[in-house]
Amino acid sequence: MNTLIAISGLGILSLIAEIFNARKAIVPMTIIGLLAILGLTASEFGLDKGYYNNMVVVDKFSSAFSCLFIIITIFLVAMSHDFYKNQSTKISDFVAIKVFLLAGAVAMVSFGNLSMFFLGIEVLSIALYILAASNRLNLKSNEAGMKYFLMGSFASGIILFGICLVYGATGSFDLKAIYQVIHYSNFPQWYFIGIVLLLIGMLFKIATVPFHFWAPDVYEGSPALTTATMSSLAKIVAMAALFRLVVKLLPVQSYSFQVIIVCVAIASMLVGNIMALRQNNVKRMFAFSGISHAGFMVMTLLCLNNAASVLLYYAAAYAVAGIAFFAVVIYVTREKQNETIDSFNGFGKTHPLLAGILTASLLSMAGIPILAGFFAKFFLLNQLIQTGWIVLVIVAVIASIISVGYYFKIILALYTKDSEQNLPAVPLAYQIVAVLALLLNILIGLFPGYVLNLLG
Amino acid sequence: MSTLLIIFYFLSAITIATAFLTIISKNPIHSAIYLVICFFSVAGHYLLFNAQFLAIVHIIVYSGAIMVLFLFTIMLMNLNKEGEPHKKWATKLAAVISFGLICFVMLAVFIKAMPVIAAYKQTGQDFQSIKVLGKVLLNEYMVPFEFASVLLLVAMIGTVLLSKKEKSVQ
Amino acid sequence: MDNILQEIGMENYIYLSVILFCIGVFGVLYRRNAIIMFMSIEIMLNAVNLLFVAFSTYHQDAQGQVFVFFSMAVAAAEVAVGLAILVSIFRNLNSIDIDNLKNLKG
Amino acid sequence: MEKKLALVLLLAPFCGFLFNVFLGKKAGKSISGIIGTLSVLISFFATTYFFALLQSTGQPVQVDLFQWISLEKFNIDFSFLLDQLSILWLLFVTGIGTLIHMYSISYMHDDENMHKFFAYLNLFVFFMITLVMGSNLLIMFIGWEGVGLCSYLLIGFWYKNQEYNDAAKKAFIMNRIGDLGLLIGLFILGYLFHTLDYATLKTSILSNSAVLSNPLLSIAALCLFIGACGKSAQIPLYTWLPDAMAGPTPVSALIHAATMVTAGIFMVTRMHFLFDLTPYVQDIIAIVGTITAVVAASIGLVQTDIKKVLAYSTVSQLGLMFLALGLGAYEVAVFHVITHAFFKACLFLGSGSVIHALHGEQDMRRMGGLRKAMPVTFWTMMISTLAIAGIFPFAGFWSKDEILMTAFHGNIVLWVIGSIASIMTAFYMFRLMYLTFFQEFRGTEEQKHHLHESPSLITIPLIILAFLAAIGGLISLPGNSWLNHYLEPFFNKAHEAHHLGATEYTLMAIATAGALLGIGIAYSKYIKQNQLPAEDSEIKGIAKVLYNKYYVDEAYEALFVNPLYKVSHFFRKYVEEAVSGFVFGLGKLTNEIGNQGKSVQNGSIGLYLFAFVIGVSSILIYLFLV
Amino acid sequence: MNVSFILILLLFGAIATYFAGDQLAKKVALVFSLASVAGSIYIFNQHMAGIDTNFRENWISNPNLFIALKVDGLSVAMLLLTTALTSIILFSSFGNQYNNSKNFYALVMFMSFAMVGTFLSADAFLYYIFWELSLIPIYFIALLWGNGDAEERKKAIIKFFIYTLAGSLFMLVAFIYLFQKAGSLLIGDLYAIHLSGQEQFWIFLALFLAYAIKIPIVPFHSWQANTYQKAPAAGTMLLSGIMLKMGLYSVIRWQLPIAPVAAKMYMDVFIGLSVAGVIYGSVVALKQKNIKKLLAYSSLAHVGLIAAGAYTLTLDGLRGAVLQMIAHGFVVVGLFFAAEVIERRFNTQEISEMGGIRIQDNKFASMFMIVMLASVALPSTFNFIGEFTLLYSLYNANIWFAILAGTTIILGAVYMLKMFQHVMLGEAGAKVFKAVTTQETIVFVVIIAVLLFFGLYPKPINDLITPALQEIVTKINRQ
């Protein structure tokens with residue numbers, strides 16, 4: 001709860017800073033503030049408490065994920081100053097929106113009442129619509145914003161409908177009350193319809209097949225930093241929220257429900273990876289890769305009891321790798337109209353450090369040890385095999401194999417092609433973010449126990 | 001057939017018809033007008049439920065704010081002509097098919113699920129007067145209420161952000 | 001009119017909402033004019049709101065109606081942002097036909 | 001003491017090899033040659049010591065060094081055995097080896113790589129000693145392959161010529177085919193008896209009567225024989241030996257006449273206790289030997305290359321030895337090995353002397369009348385020719401006669417064929433002599449001008465060998481055989497002395513008559529009628545078939561080599577492509593799906609929403625309506 | 001001191017090499033790799049003296065994973081092989097000038113680290129990590145410093161990478177499954193679990209996929225020839241000399257003892273496949289025109305034989321496999337180095353463009369020939385010991401396996417001698433062959449010394465590996 005309040009306050013603070021013309025101070029101030037909030041959240045870890053009529057429930061799950069979101073937001077904010085240097089008058093708006101987005105994100109993992117969940121997801125979504133369209137003179141950005149907005153609100157409608165049916169069936173929005181109802185009394189079948197619609201909406205947000213079509217277009221069109229936000233932050237927020245929803249609202253799953261999850265996961269992994277193979281735009285490729293990762297993460301829904309820590313680990317690994325990836329991508333492509341793979345030609349020779357970081361983050365996502373991505377996949381498959389869905393495991397493996405194809409396309413471009421471009425000096429912020437993200441990646445790779453045991 | 005039922009059917013017919021007309025009208029202005037009627041009919045439904053406060057708010061927000069916004073935008077863009085170009089028959093077909101499909105599926109699903117409905121019980125307690133709503137909203141739902149302000153704030157900043165011209169940096 | 005649900009029946013409201021919701025869906029799919037699509041989404045939200053109120057009465061519980069307020073707020077915020085995006089598209093493209101928005105694909 | 005001396009015996013040639021490899025070039029040709037010769041001579045002396053020791057004590061000397069290969073069921077040690085058989089073999093290997101080394105000092109003096117030649121030759125002797133001395137089959141196998149390697153190196157000694165290299169390669173590969181057989185044989189023996197040591201093997205085979213009924217035993221014997229076929233150039237693996245004449249002549253004398261090619265006979269004799277128990281295999285050996293003898297002899301009839309004639313003669317003689325082995329007359333075969341070593345080495349060295357004098361000319365059609373220019377060479381070769389033709393009282397007479405006698409007692413058909421081979425031998429050997437040494441010189445004037453007798457380093461070995469070829473028969477006279485007596489402990493049985501009866505004398509007479517017949521035909525053809533073998537293009541009829549060696553090489557080429565290369569080509573061209581294409585195909589397929597997928601993702605929101613709705617509908621249908 | 005210090009040494013070596021700069025990199029790398037050889041010998045001594053140098057720490061408590069390193073005869077043998085060959089390979093590449101040599105040598109050191117880790121790991125998870133880790137450096141080595149057309153190289157190497165990764169991922173699945181059963185991935189625990197025949201079959205198959213691709217066994221070999229050809233000499237040597245031994249080692253260490261029932265049941269199939277590889281590799285090698293490809297196919301044939309021996313599940317087979325792994329490691333490095341020596345001078349890999357080298361440099365010809373003869377398993381070379389033991393074990397399985405696999409003796413001689421003839425012999429061509437340098441000579445001499453010494457006296461290695469293999473055979477035969 002305190003986290004939520006503090007984050008909202010921080011957002012407002014950064015808006016106020018603009019008024020006092022402290023534009024330069026906004027980013028550092030926000031980062032410091034976020035660090036403080038991170039400390040605050042971490043200090044509350046282990047608490048299991050509901051605030052304000054159970055509107056916000058702080059438990060290990062929410063605290064851990066909140067910390068993760070805050071860390072990622074710090075990275076994203078750190079890159080903002082340089083990224084928005086052409087729109088420096090709007091920097092406070094951008095930072096504020098990111099901070100509010102974080103508030104939405106925290107709400108989505110610590111909700112105790114569906115209204116908080118709904119508002120959280122709307123804050124997150126609307127912030128993202130804005131960020132996607134924020135490069136208003138760029139038609140691609142507009143198109144991305146429009147597509148995201150249209151499909152997003154469509155999905156919101158479905159989520160709302162789902163919530164409505166849940167309410168209709170149980171007569172409450174409160175998770176505990178709902179829990180009581182579904183465990184101790186009869187309730188109409190709509191409940192399940194509602195849950196399913198709710199889940200479909202969330203599956204849309206995390207971009208799984210067949211609700212994934214928006215993702216490549218939006219990722220490609222949005223400004224790179226926004227793409228980073230969507231791919232690293234929004235996706236794992238939605239996934240965590242989905243996980244929490246299923247844990248709280250559908251603790252016992254029917255077989256056919258599992259089949260749906262399995263189908264969605266399989267389709268996402270395959271479609272995402274296969275489609276990514278032929279992409280020439282790194283952001284678009286990353287979108288498809290994200291779809292496949294969404295497929296991976298969705299599989300945690302099959303083993304709710306002990307998959308929370310695995311999900312946390314996977315999300316952390318994925319997000320951290322994504323941040324490192326985007327830190328480099330943003331730097332390389334910021335002067336360019338598009339983000340083709342050719343932009344990376346010869347980058348390995350001119351910028352060995354950044355190229356190395358990019359390589360490492362790609363390897364992490366491809367699941368090569370000892371980077372975190374590998375452990376994430378390992379723990380996930382480890383959980384999954386217990387559920388008995390061997391076919392999923394096989395598909396996951398095949399998907400991983402395919403994924404190497406496109407991740408290595410970038411690596412090939414980095415090292416084997418010659419460059420004919422002159423890039424400006426690397427902004428310090430990007431470099432720091434990239435290095436820190438990679439370090440974090442390696443650290444949680446080497447000591448996975450620290451993350452895994454958080455929710456154990 | 002009771003009066004209530006007749007009113008319900010009447011209102012429902014208006015709601016559905018105007019909703020439909022909103023969609024198929026070629027002129028956006030007409031669509032907007034139909035939509036306003038639709039909103040009013042929905043408000044009528046609210047009144048049927050005795051939810052007066054909600055009905056009022058509904059009219060204020062939707063018809064008053066949102067529709068004005070729509071109309072304003074339509075005017076701003078000078079879209080009040082029946083200018084929508086040809087649509088491919090395939091997209092139409094797809095739309096009709098999916099409409100039919102989703103409609104059929106949802107209705108079928110609900111019809112199949114319906115028997116669980118328990119008998120309607122009336123407690124007689126006041127649950128939807130302004131007073132009660134206010135209490136619920138500002139006590140139990142205080143946090144979401146505050147959080148909605150964050151939502152609106154974001155929307156506000158966003159709209160400004162999207163419309164504001166960048167000042168060139170010195 | 002406290003006995004409304006006895007008279008009309010919960011199921012009729014559900015059907016009405018569903019049909020209205022589906023009309024909204026239809027609209028989003030059928031039209032290429034972004035403004036009409038927004039309107040269709042509003043119809044969808046309204047359908048849900050109506051159902052909320054019906055359920056609220058069904059449960060004799062104010063929460064459903066409270067939720068409608070949030071939903072309205074969300075609708076308003078969405079429309080504001082959506083129209084802002086629309087305006088900037090219109091400025092760039094001089095059109096709001098979403099069929100023109102096909103630069104991003106593949 | 002014995003152990004050290006045995007090691008000296010073994011390693012002296014190896015030291016010579018090392019010296020020649022590393023220091024040979026610096027030391028100069030003469031030193032290199034002398035060191036090479038001395039190293040073999042040391043071995044020879046060591047052998048004589050052991051020979052004397054064995055004569056006095058009668059006890060074989062066993063030298064165990066260390067454990068070499070360990071298998072689950074048994075170990076194979078690095079150890080050596082000096083018994084009657086191996087010492088006998090060592091005597092003539094090192095003895096003839098020394099002579100040939102000596103000969104080579106002069107013969108190879110003009111070659112720039114003489115030190116290398118001696119290195120290889122020493123290495124060969126080393127491996128040959130290993131082969132002979134090894135106390136188990138696997139040590140023998142080291143030598144077995146080692147001599148094959150040296151043969152390869154020496155055949156291809158003039159490696160600039162790719163044809164020679166082809167010949168060397170062929171020899172090595174043909175040998176390897178046999179080696180595979182040998183190895184399989186070893187596996188079977190190891191599997192059956194858990195040892196490869198001769199002594200233990202013998203006791204376990206003899207003590208284990210149950211094993212007699214095991215067909216594996218025959219297979220093992222057959223496999224060993226296949227190995228022997230490769231090494232000793234028997235049908236079907238003989239074709240390498242004539243080609244091996246590409247090497248320098250001393251090599252042909254040492255390796256391809258006197259020592260290495262007899263390794264097969266050595267091995268069969270070593271394993272006599274096994275072959276004794278497998279009569280079918282013995283029959284096969286006898287038949288193969290006989291056929292080889294006659295086939296090779298018939299090819300030898302028309303060859304014009306002096307060394308090729310000798311090569312086919314060698315194959316033919318080896319065939320006779322196998323005939324004896326197949327009939328169980330091991331000591332007879334051994335006897336012929338020894339006499340053959342003497343006269344064939346002499347013949348090769350003599351031919352080398354001729355070739356040396358003619359500066360590399362090997363075609364007998366370009367020779368003639370050398371008798372006067374090269375008397376020593378002529379006479380020594382004449383003695384050896386008489387020996388190989390089987391003329392009394394030269395060495396070959398006794399040994400060949402014993403083989404034919406054995407054959408007569410064994411199977412009359414074998415005797416007939418063997419005799420025909422002998423007649424042929426007499427014919428082509430005298431053909432060789434007549435064409436080379438009689439009549440007029442047919443070479444160029446240039447060559448004629450330079451005709452000369454070879455230096456003493458060449459003639460001395462010739463004389464010694466000719467002497468041995470003349471008197472070699474003494475070691476095993478019928479009725480009073482020192483050799484048989486000497487080998488008795490090895491064969492573990494008292495040899496019943498031949499009773500020379502009427503049959504025996506008749507047989508001797510027939511054999512001599514046959515030899516004389518062959519000589520007579522040769523005389524009438526090449527001296528009386530003064531014929532010359534036709535030029536290559538004019539050869540017709542059966543002669544052409546013979547001249548082309550029954551087209552066996554071509555047949556092998558068509559039957560084995562070409563199909564193999566075709567298969568290889570097929571594999572490389574199609575199977576590899578297919579396998580690779582399959583893997584790439586999977587990649588291409590996914591890529592293609594990706595490409596198609598791109599057109600689905602066509603940027604239209606309508607489509608996306610449509611998919612969304614379809615997705616929602618199908619999930620709802622599946623969950624709630626099905 | 002436990003065995004982990006070698007890993008630390010190598011990793012530190014890789015880092016130090018990277019930071020030493022382009023000038024010093026190779027020397028630093030060599031120093032560290034020699035130090036690791038010394039370390040391995042120390043471990044060897046400790047092991048022979050019966051001193052325990054195992055290492056085990058809990059790494060992740062849930063799931064229960066360990067950093068566990070196991071020292072037994074088998075792993076020590078592989079450790080020695082890896083460190084020794086790494087030193088040789090490093091030293092052999094001194095004759096080349098590489099761009100960014102610090103990266104190159106650091107990658108080689110890192111690869112050595114990963115491979116040593118693979119051989120030492122006693123926890124399947126750690127083992128898998130090292131297994132995958134070793135793939136990354138070789139990928140970059142082959143990609144960045146390889147030869148031939150860049151596009152084709154990329155294609156070949158990405159194929160190699162994806163192919164091997166694909167195989168190993170199935171291995172990971174198998175391990176995960178085993179983890180569910182055993183509750184830990186410690187090798188001892190994995191040996192101890194009881195699996196049904198069905199389970200064993202699938203696990204065996206999954207592991208087989210990984211190993212068959214790595215080794216490679218026909219028909220999973222299609223990555224091999226092209227990769228060997230395109231990779232730089234050092235890369236090819238690392239791949240063929242050590243890396244494919246990882247597959248064979250794993251068969252012995254992991255696959256067979258974990259799924260013995262399946263291994264026994266389908267023994268003939270897997271031996272058959274391996275033997276097919278022997279013949280196939282030999283036959284294809286007959287017609288190769290590229291020397292590195294020819295050596296690749298010969299390697300395919302040899303490792304096929306090793307795999308076949310391992311799948312016989314007998315002590316002889318395993319022992320032969322290990323001996324031949326070591327022997328083949330040295331021989332193949334020698335052969336590829338010979339190809340590299342020629343390429344340095346003639347700038348080609350096409351056999352048709354070579355010839356007449358022996359005339360110009362007899363020393364090189366002799367050394368090449370010895371290595372070549374070792375590769376065709378001439379008795380008294382190390383390879384003969386291995387090949388003999390292997391063929392003997394195959395004979396014990398089935399005589400036809402021995403005969404079919406034995407054709408490698410013939411065919412190997414055919415293609416090797418043919419290659420030697422056309423590469424080395426004949427008249428000198430137009431190209432000048434500069435005499436081999438001292439540095440190149442040293443490489444050959446070391447390799448030849450090893451091959452001949454152990455060819456005559458394999459006892460030390462035998463004594464080292466036999467107890468370990470005996471134990472594995474016991475595990476295979478457990479009920």
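Chain E has 479 residues, for which a compact globule would have a radius of gyration near 23 Å; the value for chain E is 21 Å, which agrees. The radius of gyration is taken over C-alpha atoms, and the globule rule is 2.2 Å times the number of residues to the power 0.38. This is a predicted model, in which local features need pLDDT of at least 70 and side-chain atom pairs count only at pLDDT 80 or more, while totals for chains, interfaces and linings use all residues. Residues are numbered from 1 along each chain as its sequence is written, and chains are lettered from A and ligands numbered from 1 in the order in which they are written.

**Chain E**

The C-alpha trace of chain E spans about 65 × 55 × 45 Å along its principal axes. Chain E contains 20 helices and two strands; helices (H or I, at least four residues) and strands (E, at least two) are DSSP runs, numbered from the N terminus. Of its 479 residues, 68% count as buried, meaning that 20 or more other C-beta atoms, placed from the backbone, lie within 10 Å of the residue's own. Two residues are in contact if their C-beta atoms, placed from the backbone, lie within 7 Å. Among the contacts in chain E with a separation of 6 or more, 82% join residues 24 or more positions apart.

Chain E is divided into domain 1 (1-265) and domain 2 (266-479), with bounds from an automatic or database domain assignment. The C-alpha centres of the two domains of chain E lie 21 Å apart. Their contact takes 41 residues from domain 1 and 50 residues from domain 2. On the side of domain 1, the elements that give two or more residues are α2 (73-92), α9 (224-230), α10 (233-258) and α11 (260-265) of chain E. Of these, α10(E) gives the most, with 13 residues.

**Contacts between chains**

Among the eight pairs of chains that touch, chains B and C have the most contacts. Here 66 residues of chain C meet 69 residues of chain B. The elements of chain C that give two or more residues to this side are α1 (4-8), α2 (10-30), α3 (34-59) and α4 (63-93), and α4(C) has the largest share, 22 residues.

Chain D meets chain E through 39 residues of chain D and 42 residues of chain E. On the side of chain D, two or more residues each come from β1 (61-70), α6 (137-155), α7 (162-193) and α26 (552-600); α7(D) gives the most, 14 residues.

The table gives the residue classes: Ala, Val, Leu, Ile, Met, Phe, Trp, Tyr, Cys and Pro count as nonpolar, Asp, Glu, Lys and Arg as charged, and the others, Gly among them, as polar.

| Side | Nonpolar | Polar | Charged |
|---|---|---|---|
| Chain C touching chain B | 45 residues | 13 residues | eight residues |
| Chain D touching chain E | 22 residues | nine residues | eight residues |
| Domain 1 of chain E touching domain 2 of chain E | 29 residues | nine residues | three residues |

Chain E does not touch chain C, the nearest C-alpha atoms being 24 Å apart. Chain B and chain E are likewise without contact, and their closest C-alpha atoms lie 38 Å apart.

**A helix pair in chain D**

Helix α1 (residues 2-22) and helix α3 (residues 29-57) of chain D pack at an angle of about 175 degrees, with their axes 8 Å apart. Axes are lines fitted to C-alpha atoms, for helices over the stretch in contact, and angles run from 0 to 180 degrees between N-to-C directions. The helices α1(D) and α3(D) are therefore roughly antiparallel, a term for angles over 145 degrees.

Methods. Angles under 35 degrees count as roughly parallel, over 145 as roughly antiparallel, 65 to 115 as roughly perpendicular and the rest as oblique. A residue is buried if 20 or more other C-beta atoms lie within 10 Å of its own, exposed if 12 or fewer, and partly exposed in between; C-beta atoms are placed from the backbone.
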